[in-house]
Amino acid sequence: MPARLTSVEQLMPFPTAADLLATKSLKGVISVEPDTTVLAAMQAMADKQIGFLPVLMHGALAGVVSERDCARKVVLHQLPADSTAVSAIMSSPVYSVPPQAKIPECIMLMHDKGIRHLPVMAGSEIVGVLSVRDLMAALVVRHERLLRRFHEERLTLLYPDPSSY
């Protein structure tokens, strides 16, 4: 007799941060250095159609900058984007997760800290960035699969004899 399932997680485990990164179309990490101008950072985000950049100093994660940071800290304060360094507006400290973190852990951290992007770190190396949109899309896919699975199980319970189909 198969082991009894005690949770939905046993039936269909949540994907990890590494699983989600593997499905993203943009591979690798686009980043800037602290002395990069806000204008150059905005241009990099526009070119790659992204809204968030890790700020790396000597290869280590020093902070992050988002389109929101640029709008609120540069535009609203009327700072010159062509001469303001990213280091002046970047957010720090940075909250991150390891590649083995599961979706609920990522969502809870993002919710608790009020952030929309989450760097994935393997030790001191940034291996990718997950957004709220990435996590919500993964949840929708998982829930659709669960609903299909429950529907199949319901049919099996209602019609246990395959010849009755």
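## A tour that starts at the pocket

Select helix 4 to begin: this helix supplies five residues to the lining of the largest pocket, the largest share of any element. What you have open is a predicted model, so treat the stops below as a walk through computed geometry.

**Stop 1: the pocket.** Keep helix 4 highlighted and bring up the space beside it. How much space lies in the largest pocket? About 1100 Å³. Its lining counts 39 residues, and those closest to the centre are G51, F52, R116, H117 and S131. Select those five as sticks for a good anchor. Then colour by element: strand 1, strand 2, helix 4, strand 3 (117-122), strand 4 (125-131) and helix 6 each bring at least two residues to the lining.

**Stop 2: F52.** From that central group, click on F52, which sits in strand 1. Is F52 buried or exposed? F52 counts as buried because its relative accessible area is 9%, under the 20% cut-off. Now show what surrounds this residue. Leaving out residues up to four places away in sequence, F52 touches M45, V64, V65, S66, H117, P119 and V129. For a distance label, try F52 to I30: their C-alpha atoms are 9.0 Å apart, with their positions 22 residues apart along the chain.

**Stop 3: strand 1 and its partner.** Widen the selection to residues 52-57, the whole of strand 1. Five of the six residues here are buried, so the strand is mostly covered. Add residues 60-66, and you have strand 2, which pairs with strand 1 in the antiparallel sense over six bridges. To check the register, pick V55 and look across to G63 in strand 2, which stands opposite. Then follow the hairpin round: two residues lie between the strands, and H58 takes a positive phi near 55 degrees.

**Stop 4: back to helix 4, for a salt bridge.** Select K73 and D69. Their side chains meet in a salt bridge, at 3.6 Å from N to O. Where do the two partners sit? Both are in helix 4 (residues 67-75), four residues apart, or about one turn of the helix. Their surroundings are worth a look too: K73 is partly exposed, with a relative accessible area of 30%, whereas D69 is buried at 10%.

**Stop 5: a salt bridge between distant parts.** How many salt bridges turn up in a search of the whole structure? Two. For the pair still to visit, select K24 and D134, whose side chains meet at 2.8 Å, N to O. This pair links distant parts of the chain: K24 is in the loop between helix 2 (17-23) and helix 3 (38-48), while D134 belongs to helix 6 (residues 132-158), 110 residues away. K24 is partly exposed, with a relative accessible area of 22%.

**Stop 6: zoom out.** Clear the selections and switch to a cartoon. You should find six helices and four strands, running α-α-α-β-β-α-α-β-β-α from the N terminus on. Colour by burial next: buried residues make up 31% of the 165 in the chain. If you draw a contact map and keep pairs at least 6 apart in sequence, 56% of those contacts join residues at least 24 apart. Finish with the surface: the chain exposes about 10600 Å², and carbon and sulfur atoms supply 58% of that area.

Methods:
Residues numbered from 1 in each chain as written. Predicted model: local features only at pLDDT ≥ 70, side-chain atom pairs only at ≥ 80, totals over all residues. Heavy atoms only, no water. Salt bridge = Lys/Arg side-chain N within 4 Å of Asp/Glu carboxyl O. Buried < 20%, exposed > 50% of the residue type's maximum accessible area, 1.4 Å probe, protein only. Contact = heavy atoms within 4.5 Å. Areas by Shrake-Rupley, 256 points an atom, 1.4 Å probe, with all protein chains shown as cover. Pairing = 2+ DSSP bridges. 1 Å grid on protein atoms, 1.4 Å probe; cavity = no way out; pocket = protein on both sides within 12 Å on 5 of 7 lines; lining within 4 Å. Points joined across faces, edges and corners; volume = space filled by probe spheres on them.
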